[in-house]
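The exercises below ask for cysteine pairing, core composition and helix packing to be worked out from a structure. Each task is followed by a solution that goes step by step.

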Amino acid sequence: MKKYGLVGYPLGHSFSRSFFQQKFENEQIDATYENFEMADVSNLRQLIANTPELCGLNVTIPHKSAIIPLLDQLDPQAREIGAVNVIKIERQGERLFLKGFNSDIIGFTHSIAPLLDSHMTKALILGTGGASKAICAGLKSLNIAPTFVSRQKHGDVLGYDELTPEVMASHPVIVNTTPVGMYPHTDECPAIPYDCLTPRHLCYDVVYNPEETLFLQKAAQKGCKTKNGIEMLHLQAIAAWDIWNQ
């Protein structure tokens, strides 16, 4: 029986296992999906070597960039983004060959595109981690100019304290790529000036557990369009399955 899985830390928030188990059951696929909670990914290749039935992995926070040096090859788009969330495993005798891909960009662009209006030409990306890199590439592919926001200003990255009313007004798309607000810390939210939000804003949260984060609640109260990351998860998972089986 083939096995697939998810690498990250922590994994209590993840829906990937239940998604794939349901897919395997519905489509009568003889496979299983397992969570591999790893605080340190340095032993990844040993884990794969010790699990010969393992054919593919998803990668989630905080390892999407850290895992790259352990791979043998990168898909050009994953290389450009600088983050990997899908690993295809090939075995050549006893030798492992691991190739990294990024399906987050597929899930994100297909998920957000129907919500975009013509005035939405600039975006704020909250966070600078692995997920933010795919979001940045996705926004650019949709002709939206992205600006990163972090807790501390550095280079072209804005600090949260620099989000003036003018900056907020000129960036009608706001995407949270941080884990802030994710279960179990549901009483937290990114430190943006929510009073500056208007019905012209679209607020998107890659977090999907809970279904409506405090970030999205506050945005909805201001009349913004809102969307969570569950459809992005589903779309990137389907893309991952296609990668593993191509």
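A residue is called buried when its relative accessible area is under 20%, and the model to which this is applied here is a predicted one.

**Exercise 1.** Decide whether Cys 224 is buried or exposed, and establish how many disulfides the structure holds.

Solution. Cys 224 has a relative accessibility of 9%, and therefore counts as buried. For pairing, two cysteine sulfur atoms must lie within 2.5 Å. The cysteine sulfur closest to that of Cys 196 belongs to Cys 224 and is 11 Å away, which is too far for a bond. Cys 224 itself has the sulfur of Cys 203 as its nearest, at 4.3 Å, and is in no disulfide. The structure holds zero disulfides.

**Exercise 2.** Identify the residues with the most contacts inside the largest nonpolar core, and the elements that give two or more residues to this core.

Solution. The core has 18 residues, and those with the most contacts inside it are Leu 44, Ile 48, Leu 57, Ile 87 and Ile 89. Helix H2 and strands E3, E5 and E6 each give two or more residues to this core, with E3 giving the most, namely three. Among the residues that Ile 87 touches are Leu 44, Leu 57, Leu 98 and Trp 244. A second, separate core of 17 residues includes Cys 224 together with Val 149, Tyr 194 and Leu 197.

**Exercise 3.** Describe how helices H4 and H8 pack.

Solution. The axes of H4 (residues 104-112) and H8 (residues 230-244) are 7 Å apart, at an angle of about 135°, which makes H4 oblique to H8. The crossing is right-handed. Residues of H4 including Ile 106 and Phe 108 meet a set in H8 that includes Met 232 and Leu 235.

Terms used
Residues numbered from 1 in each chain as written. Predicted model: local features only at pLDDT ≥ 70, side-chain atom pairs only at ≥ 80, totals over all residues. Heavy atoms only, no water. Buried < 20%, exposed > 50% of the residue type's maximum accessible area, 1.4 Å probe, protein only. Core = buried A, V, L, I, M, F, W, Y, C linked by side-chain atoms within 4.5 Å. Helix = DSSP H or I, 4+ residues; strand = E, 2+ residues; numbered from the N terminus. Contact = heavy atoms within 4.5 Å. Axes fitted to C-alpha atoms, helices over the stretch in contact; angles between N-to-C directions. Parallel < 35°, antiparallel > 145°, perpendicular 65-115°, else oblique. Left-handed = near helix turned anticlockwise from the far one by under 90°. Lists of a residue's contacts leave out its neighbours within four places in sequence.
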